[in-house]
Amino acid sequence: MIAGVAIICALAWSAAAADATHVFSYKVTHARYGDIGTYDRIISEAGGLTHAQSRLKITVRIFGIVVHREVADQTEDWRGGRLMSFRSVTTTNGHPLVVSGEASGDSFVVTTPTGVATAPASVAASDPWGFDRTGPGVVVSITTGRIDQVNVTGGEADTVMLHGVATRARHFRVSTATQPDRWEVWLDERDVPIKFRSFDHGDAIDFTLVSSAD
């Protein structure tokens with residue numbers, strides 16, 4: 001029902017010069033089912049390496065009955081703007097799926113339960129951080145291992161309501177050959193994703209920032 005709920009893409013990562021740790025927490029809201037979960041992310045930067053650890057927890061209830069449960073634990077490592085590795089364990093309704101990827105020479109090798117695939121070295125992981133440019137690119141879903149050609153448009157000024165306050169943002173849209181409106185991302189003035197959106201059978205699933213700490 002919520003297949004691909006965490007598939008939000010990025011086309012670049014810009015690591016900060018100074019070592020730092022950042023913590024971000026989001027609420028997850030489905031257009032039809034309301035509040036369905038949380039998404040938390042910790043980003044650590046040290047010695048030129050950026051390490052990200054994320055956890056997604058989704059529970060969908062209809063008339064009080066759980067009809068969908070999903071937990072995803074994901075890690076990523078970046079160096080010099082290049083995705084070096086990732087690992088994801090997603091358990092959907094009790095069924096785990098393990099996906100991983102690793103940089104190898106001038107390519108990036110992705111391993112899933114169904115086999116191995118190769119992407120360009122410039123591939124980006126499907127998350128919204130560092131998403132600040134338009135044009136074509138390639139992303140790998142850290143949930144499924146799927147590799148997609150994408151095109152990014154937008155970047156226009158917009159506002160997002162956070163804690164009842166209108167916050168200025170830049171609004172980007174991401175499309176693939178088969179899905180013209182696959183993802184959307186809103187970045188604040190620090191290039192932090194304060195809201196991002198995926199779609200489930202046409203229904204919007206919004207991730208909205210509720211707290212952050214440096």
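## A tour of the salt bridges

Start by selecting E156: at 33% relative accessibility this residue is partly exposed (between the cut-offs for buried, under 20% relative accessible area, and exposed, over 50%, with a 1.4 Å probe and protein chains only). You are looking at a predicted model, in which local features need pLDDT of at least 70, side-chain atom pairs count only at pLDDT 80 or more, and totals for chains, interfaces and linings use all residues. Residues are numbered from 1 along each chain as its sequence is written, and side-chain values use heavy atoms, with hydrogens and water left out.

Now add R173, whose side chain meets that of E156 in a salt bridge with an N to O distance of 2.8 Å (a salt bridge being a side-chain nitrogen of Lys or Arg within 4 Å of a carboxyl oxygen of Asp or Glu). E156 sits in strand β11 (residues 147–162) and R173 in strand β12 (residues 165–175), 17 residues apart; strands here are DSSP runs (E, at least two residues), numbered from the N terminus. R173 is partly exposed too, at 28%.

Next, select R170 and D191. Their closest N and O atoms are 2.4 Å apart in a salt bridge. R170 lies in strand β12 and D191 in the loop between β13 (183–187) and β14 (193–200), so this pair ties together parts 21 residues apart in sequence. R170 is partly exposed at 28%, and D191 is partly exposed at 29%.

Finally, pick R197 and D206, which form a salt bridge at 2.5 Å, N to O. R197 is buried at 17%, and D206 is buried at 15%. Add E184 and K195 to the selection: salt bridges with shared partners join them with R197 and D206 into one network.

To explore further, keep in mind that the whole structure holds 13 salt bridges.

Methods:
Helices (H or I, at least four residues) and strands (E, at least two) are DSSP runs, numbered from the N terminus.
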